Amino acid sequence: MDFNELVIKDYHNIFFNRFEDIMRLKRAYHGSFPLMDFGIGEEQDAPNPLILNALIDSLKESKNHKYSDNDYSSFLDSARAYVKRNFNVTANEKEIMHVMGAKSILAMIPSLFVEEGDYVVTLKPSYVVLERAAQLRKAKIEYLSLSEENQFYPDLDIIKEEVWKKTKILMLNFPHNPTGTTVDKKFYKHAIELAKKYHFLIINDAAYLGISYESPLAFMSIEGAKDVGIEIYTLSKSHNMTGFRIGFVIGNEKIISLLKDLKNNFDSGQYLPIQYAAKVALEHDEITNELKEKYLRRMKKIAMILFEHGLYTHIPYGTFYLYIKTPTFVKEQTITSAKEFAALLLNKVGIMCIPYDDVNHYVRFSMTYDCVDEEKFLKDFANRLDYLFF
């Protein structure tokens, strides 16, 4: 076996990307139906003009081309005010740092805390960036499975004590992608108790906290959370700034200090005009409120059409995703996996979605799809499902 074969053998499973197969089918799609893309959760409309104008204004400043040296205090001041106003989270200057999107910091964290043989406890299904980075360090992964049987709610007590004793990170993500699940104070308090008992770090990826349709519950708003953890916030979803790659982390002062030192070895901070645009975005809650109104309206209408075709889902308390159980049969064709059903939807009627075969079989529909005439779009969507099912 040569070196290239060894690398492929050892790391192919770690780097598996659930999106790649369906994206390959999307690129190859040449069907008679125009593509309807419910796939990657990225808003298709342009960001709010307030954000774009702030970016343009900052670009004109003569010194804004320089290194940001990782923190732009004005952005972090606005971030602190934002979380206090919206999530009842307080943070001093030593308990917050900016990041170039959640993905980058999630990939960095295991290099600080995880060694070979340690455990990372995480959700299944989940956003797997930290999990993969931990696997590269030879960590073991233990899963909290989210299934219909437990209302997609995690049960911390299924993890055995011998695993908790070797756990270095409990990785959470609420509101949860893809199920939309949210948790209550009781869950977070129990997690904090376990972290204090077994000495592990809790991370909550709060990418969708701003896209909450009830009173949002931040992990950092819970008493004791800062003793054991951090929470990662990003403007990607809540402010339609995915490509800007901007966010911030709040939490334990010592952990934040370590992460700042680590981050200084990986990047030199996000471009200052982007930080300035993000500062302005965080000062205007109407930006998120308008997005939420659109997503909730879309979810209700799409869910009704799906229900009429025997596809069952629920309106989540957070995120802009519908998590849909796959059917067993479509016109007498047996469906054995979400991947198979997603391919059928795409190839037969031009509907793209993301399959999840992690815990039973589901597909995820994102409400960030592109459409000019919403009623026409919904009618076309219903007609395509008629064609597929009836």
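In the predicted model, F381 is buried, with a relative accessible area of 0%. This residue belongs to helix α16, which spans residues 374-389. Beyond its neighbours within four places in sequence, F381 is in contact with M36, F38, I302, I305, L306, I351 and F365. The C-alpha atoms of F381 and D184 are 35 Å apart in space, for a separation of 197 residues in sequence. A further long-range pair is formed by D21 and Y271, which are 250 residues apart along the chain and whose C-alpha atoms are separated by 33 Å. D21 is located in helix α2, residues 18-28, and counts as partly exposed at 22% relative accessibility, because the buried class is confined to values under 20%.

The loop between β14 (362-366) and α16 (374-389) contains T368. With a relative accessible area of 2%, T368 is buried. Its side chain makes a polar contact of 2.7 Å with the side chain of S366, and the side chain of T368 also reaches the backbone nitrogen of E42 at 3.3 Å. Apart from neighbours within four places in sequence, the contacts of T368 are I40, G41, E42, E43, Q44, Y295, R298 and F320. E43 is likewise a contact of K294, together with D45, when sequence neighbours within four places are left aside. K294 lies in helix α14 and, at 13% relative accessibility, counts as buried.

Helix α14 (285-308) also takes part in the packing of helix α3, whose buried residues pack against α14 and against α13 (272-282). Within α3 (residues 49-59), the buried residues are I51, A54, L55 and S58. These residues cover an arc of only 100° around the axis and are therefore placed on the same side of α3. An α-helix has 3.6 residues a turn, so residues three or four places apart point the same way. The N-terminal end of α3 is capped by N48, a side-chain oxygen of which lies 2.9 Å from the backbone nitrogen of L50.

Empty space within the model was examined next. The structure holds 2 cavities of 30 Å³ or more. The largest cavity encloses about 60 Å³, and of the 13 residues that line it, Y82, A206, Y233, T234 and S238 are the closest to its centre. At least two lining residues are supplied by each of α4 (73-87), β7 (229-234) and α11 (235-238). The lining of the largest cavity comprises 9 nonpolar and 4 polar residues, with no charged residues.

The second largest cavity has a volume of about 40 Å³. Its lining consists of T122, L123, S126, Y127, M171, L172, N173 and D205, with at least two residues coming from each of β3 (119-124) and β5 (167-172). By class, this lining has 4 nonpolar, 3 polar and 1 charged residues.

Among the pockets, the second largest has a volume of about 180 Å³. It is lined by E148, Q151, F152, Y153, T179, G180, T181, T182, H314, I315, P316 and Y317. The lining of this pocket divides into 5 nonpolar, 6 polar and 1 charged residues.

Q151, one of the residues of that pocket lining, has a phi near 55°, a positive value in a residue other than glycine. Q151 is placed in the loop between β4 (140-145) and α8 (161-164) and, at 60% relative accessibility, counts as exposed. A positive phi near 55° is also found at N240, again a residue other than glycine. N240 is positioned in the loop between α11 and β8 (247-251); at 8% relative accessibility, N240 counts as buried. Most residues other than glycine have a negative phi, and most peptide bonds are trans.

Cis peptide bonds occur in the loop between β5 and α9 (185-198), where P175 is found. One joins F174 and P175, with omega about -5°. Another joins N177 and P178, with omega about 20°, and P178 lies in the loop between β5 and α9 as well.

Notes
Residues numbered from 1 in each chain as written. Predicted model: local features only at pLDDT ≥ 70, side-chain atom pairs only at ≥ 80, totals over all residues. Heavy atoms only, no water. Buried < 20%, exposed > 50% of the residue type's maximum accessible area, 1.4 Å probe, protein only. Helix = DSSP H or I, 4+ residues; strand = E, 2+ residues; numbered from the N terminus. Arc of directions from axis to C-beta. Contact = heavy atoms within 4.5 Å. Polar contact = N/O pair within 3.5 Å; in protein donor to acceptor, adjacent residues only side chain to side chain. 1 Å grid on protein atoms, 1.4 Å probe; cavity = no way out; pocket = protein on both sides within 12 Å on 5 of 7 lines; lining within 4 Å. Points joined across faces, edges and corners; volume = space filled by probe spheres on them. Nonpolar A, V, L, I, M, F, W, Y, C, P; charged D, E, K, R; others polar.
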